[in-house]
Amino acid sequence: MPFSMLSARVLCVRPIGVTSDFCPVCRQERRFHLAQAERKRYFLCFDQGREGQPRHELTCFVCGCKVERSIEERPIEILPDPKSAGSYEPSSLPIVKSRIADCVAMEEALQSGSLSAEDREEMIRYTIFGFARIYDEEPFERVKPWVTMLMLATIFVLAGLGVWSMQHSGSVVPLVAAIGAIGVVIFAMLYWVTKHSPRKRVRTWLAMALVPIDPTHEEITKARREMQASRIKAGDRIRPEKVLAKMKSMKPKMG
């Protein structure tokens, strides 16, 4: 579990700047917000250090989808002040431009009906692997420990006040009001997670990206097995049948 009363594993995201890459949802080169994402272990509310290697998180300006890229593709010696994230653009290695050009070329071939079987397989693999790290997330992994502890403290205070007021007033109204307030606090947290956790939206992004390629169950399963062989958790979490069902529901909307 990523969180307990004493310790938590938190995904910390720090804005860096802007960059260009190929968006698998928009299916063309786009501008992205660039951030560094790294998992940290917290004990109570104290940072105990980083777990694993950091990576870059890219958020498309247009569709809002998030994809992960290696930090080696955009080497940064010293992270800039987050206040300059709206204008700072780090240099990219040639491999980034090469990948964008390859993706654009394959997209044009897909649209013209001349895409080879090998390139089609690579498009499916590239699309699924692009969202793999998002699938690895837990929904609450981006919630800071102090936020969770504050929420728990608020719940305990509300519950205590409700019981105290009920005992002194002889009415259950204060307790009912306290329970209602606790429900609002919990709802607010769940709403925040739903709106801000990409783990809640990643299947939609993946389905939107795959609809134009129209992969089969077997083709998605093949990429999934490759992830499992590489010990990527997404290989266990991606369900081909659910992805296909989401794709089917989106096809009429996407024309």
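Which residues form a nonpolar patch on the surface? They are Phe43, Leu44, Phe46 and Met149, and the views below start with the whole protein before coming back to them.

**View 1. The whole protein, a predicted model of 255 residues.** Residues are numbered from 1 along each chain as its sequence is written. Because the model is predicted, local features need pLDDT of at least 70 and side-chain atom pairs count only at pLDDT 80 or more, while totals for chains, interfaces and linings use all residues; side-chain values use heavy atoms, leaving out hydrogens and water. You'll find nine helices and four strands here, where helices (H or I, at least four residues) and strands (E, at least two) are DSSP runs numbered from the N terminus. Along the sequence the order goes β-β-β-β-α-α-α-α-α-α-α-α-α. The C-alpha atoms fill a box of roughly 80 × 45 × 35 Å along the principal axes. Of the 255 residues, 40% count as buried, meaning under 20% relative accessible area, with exposed being over 50% and partly exposed in between (1.4 Å probe, protein chains only).

**View 2. The nonpolar patch around Leu44.** Together, Phe43, Leu44, Phe46 and Met149 offer about 380 Å² of accessible area, worked out by the Shrake-Rupley method with a 1.4 Å probe, with only the protein chains shown counting as cover for residues. Patch members have over 30% relative accessible area and no salt bridge; nonpolar side chains (Val, Leu, Ile, Met, Phe, Trp, Tyr) are joined within 5 Å, like charges within 9 Å. A salt bridge is a side-chain nitrogen of Lys or Arg within 4 Å of a carboxyl oxygen of Asp or Glu. Leu44 sits in the loop between strand E2 (28-43) and strand E3 (46-60). Leu44 is partly exposed because its relative accessible area is 33%.

**View 3. Gly17, tucked into strand E1 (residues 7-23).** Gly17 has a relative accessibility of 2%, so it counts as buried. Leaving aside residues up to four places away in sequence, Gly17 touches Phe32, His33, Leu34, Ala85 and Tyr88 (contact means heavy atoms within 4.5 Å). Ile186 lies 169 residues from Gly17 along the chain, and their C-alpha atoms are separated by 33 Å.

**View 4. A patch of negative charge on the surface.** Asp102, Glu118, Asp119 and Glu122 gather here. Asp and Glu count as negative, Lys and Arg as positive, with His and the chain ends not counted; a charge is placed at NZ of Lys, CZ of Arg, CG of Asp or CD of Glu. Helix H2 (residues 117-130) supplies the largest share, three residues. Glu118, in helix H2, is exposed because its relative accessible area is 59%.
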